[in-house]
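User: I have a model open on my screen and would like to learn how to read it. Could you walk me through it, beginning with empty space inside the protein?

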Protein chains: 2
Amino acid sequence: MPAEYAPQRRVWMLWPERPDNWRDNAKPAQEAYAQVAIAVSEFAPVTVGASKAQFDRARKMLPDYIRVIPLESDDAWMRDVGPTFLVDGKGGLRAADWTFNAWGGLYDGLYAPWDRDDKVAAQVAEAENAPRYRTEGFVLEGGSIHVDGEGTVMTTEMCLLSPGRNPHLGKAEIEGMLCSYLGTEKVIWLRDGIDPEETNGHIDDVACFVRPGEVACIYTEDAFHPFYEAAQAAVKALEAATDAKGRRLKVHRIALPKKPVLLAGAETIAAAPGSAPRKNGDLCIASYLNFLICNGGVIVPQYDDENDSLALRQLQAVFPDKKVVGVRTREIVYGGGNIHCITQQVPDPTAR
Amino acid sequence: MPAEYAPQRRVWMLWPERPDNWRDNAKPAQEAYAQVAIAVSEFAPVTVGASKAQFDRARKMLPDYIRVIPLESDDAWMRDVGPTFLVDGKGGLRAADWTFNAWGGLYDGLYAPWDRDDKVAAQVAEAENAPRYRTEGFVLEGGSIHVDGEGTVMTTEMCLLSPGRNPHLGKAEIEGMLCSYLGTEKVIWLRDGIDPEETNGHIDDVACFVRPGEVACIYTEDAFHPFYEAAQAAVKALEAATDAKGRRLKVHRIALPKKPVLLAGAETIAAAPGSAPRKNGDLCIASYLNFLICNGGVIVPQYDDENDSLALRQLQAVFPDKKVVGVRTREIVYGGGNIHCITQQVPDPTAR
């Protein structure tokens, strides 16, 4: 699996519409998704999958240079339901099609059914002409892993060892699956993510590789911040870790929002059987780490928070050769994720 | 009622022993109480009331210059169970003996029974030769009020309008009771305190007068701090308030501890029927505002927190002519209060 900072030929997204997840019939979320798609388009072509019912609306709300294709899904988290693209080093593209169970299935998943989501990866792989490896029975989401492209994968125990994923497998067996599908040799395990109730602690809200031997990680000195313990522990663990090449990692600390981002407008979210209930004031999982690296750009969530510009400055320093672009995404975090969660890159298999 | 910064002739305390409130049979708390008594003794004589069972131990643990007298109580919060001393301007001392019901009686009080506590004020008044006004049926604790000595009393709605105190009285009637017993003309109401579950928001964790026309108030810019909303609202309300003399108040902002103070050692607290259960990790109500002003000294809680010295510096700037003394009182805050809660001053009625 190439790192996210390797050259990309396209980025995939889905179009949000579930009225039991997105407030106000998903209209504000659709605006925010459109802004993300536009921002990404500066750096790579974007394809958005939309349901039959929403196709015309998505087509109308997105600029012409963004491709919209018919694609049915249960919600709109392309990072987690889409394929993980792999390259063979000889110009070939492949796709890992992980089994998807809505972040925990009947144990602690967020909605049911999830069968349309689980079929998204195959359709995206087909559209990319990428032969596909289906991991029937091995549950994984793309947001739970990050790779450095040089043999290292990073993940969390909170997610990959959670009882709703692969309870029949031990830690060593899960390492084996990751390494054989991703082409990695070393797994760096963090213990906790920051959203135990939602994705069970996806790595993509916590830390990521920014280049070989270097990572970015959320950080706060605010001991009352709900992510304080996890952030402090993650920085410490990463500073002590070595990658597949035996390098000690350089850890770039990235601020968290200064104030809580709290769900608003929950009264316009249609409660539905099988979906987790939502209420105003629920703490949203707001992290600047949920950005997408895309060729010459880095697309970063903004929350209308005092620390928004600090995070952009910190990331610009981490990526001096890329253009760091902020997009206001409160409406997306209200739904449980952010820019990284709603995108999936297709690496350029001919790049070296 | 004279302000706390008026001359004092003595300070009263009680000796802690309840094994269902204090950890490890109250031994660490007794050490901390002794340190508070010693610190206060530099500025005024101290009398400590102890039960028959604990008398010898208290006598042994306290220096000779601290008087120990037999006094039965249910716990050890002299601010709340002791009398509020008043002066008549002609050298006479009087005592208001409020009805005490353990911070909310059977509605949301913290223990039952509380009959020995409710008899403490009469005994202290007797020891001070102070004629006593008993407010049979009007419930109040000393920690829920602060006065400026010039006609103003400050309190919180959360406490004084709580259903466990005086539900038969309206806000105007409560103002009437306060003003007639305390000799004040104006009530400054803050809405919330910071411990809704314990004292229902006593003012003495939030704000106090430091001299006529000036107050100190807790303050934090940490939006994740559990007291953030209350602290921000209190500063704002005080800055907008006028006192009995029509003065706008000058508000001195005092830091809160930087990290949460969490209950530890709860396994050594003996659970008992009628007492609120306690568990490790419970958030303690740690505020530097719970200090005692005593003649030339200000005795301030310290929590082994990064902000301890900041709070001392801030208070030294507020009280340039007094000696600001920190005492480590984690063991006291574990029990639900702090230095102000465990002391009650007797003003010098001959001072002018």
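User: How many cavities of 30 Å³ or more does a search of the whole structure find?

Analyst: Rolling a probe the size of a water molecule over the atoms shows where empty space is left. In this predicted model, the search turns up seven cavities of 30 Å³ or more. The largest has a volume of about 110 Å³. Its lining comprises 17 residues, and those closest to the centre are Met1(A), Glu4(A), Ile145(A), His146(A) and Val147(A). Elements of chain A that give two or more residues to this lining are β7 (146-147), β10 (207-211) and β16 (344-347).

User: What classes of residue make up the lining of the largest cavity?

Analyst: Nine are nonpolar, six polar and two charged.

User: And which residues lie nearest the centre of the second largest cavity?

Analyst: Here you move to chain B: Glu4(B), Ile145(B), His146(B), Val147(B) and His340(B) lie nearest the centre, out of 13 lining residues. In chain B, β7 (146-147) and β10 (207-211) each give two or more residues to that lining. The volume of this second largest cavity is about 80 Å³, and its lining divides into eight nonpolar, three polar and two charged residues.

User: Let's turn to sheets. In what order do the three strands of the open sheet in chain A run?

Analyst: Strands of a sheet pair through backbone hydrogen bonds, either parallel or antiparallel. In chain A, the order is β13-β14-β15, with mixed pairing. β13 (292-294) and β15 (323-328) of chain A each have a single partner strand, so they stand at the edges with one side lacking a neighbour in the sheet. From one strand to the next, the twist averages 25°.

User: How many bridges join β13(A) to β14 of chain A?

Analyst: Three, and the two strands run antiparallel; β14 covers residues 297-302. To find the pairing on screen, look for Leu292(A), which stands opposite Ile299(A) of β14(A). Then look for helix α1 (residues 27-41) of chain A, which lies across β13, β14 and β15 of that chain and runs at about 170° to β15(A).

User: Last topic: what turn lays chain A on chain B?

Analyst: Two copies of a chain are related by a rotation about an axis and a shift along it. For this pair, the turn is 180° and the shift along the axis 0.0 Å, giving an RMSD of 0.0 Å. This is therefore the relation of a two-fold axis. To place the axis, go to Phe224(A): its C-alpha is the nearest to the axis in chain A, at 2.7 Å. Both copies use the same surface, as 100% of the contact residues of chain A recur in chain B.

Key:
Residues numbered from 1 in each chain as written. Chains lettered and ligands numbered in written order. Predicted model: local features only at pLDDT ≥ 70, side-chain atom pairs only at ≥ 80, totals over all residues. Heavy atoms only, no water. 1 Å grid on protein atoms, 1.4 Å probe; cavity = no way out; pocket = protein on both sides within 12 Å on 5 of 7 lines; lining within 4 Å. Points joined across faces, edges and corners; volume = space filled by probe spheres on them. Helix = DSSP H or I, 4+ residues; strand = E, 2+ residues; numbered from the N terminus. Nonpolar A, V, L, I, M, F, W, Y, C, P; charged D, E, K, R; others polar. Pairing = 2+ DSSP bridges. Axes fitted to C-alpha atoms, helices over the stretch in contact; angles between N-to-C directions. Contact = heavy atoms within 4.5 Å. Least-squares fit on C-alpha atoms with pLDDT ≥ 70 in both.
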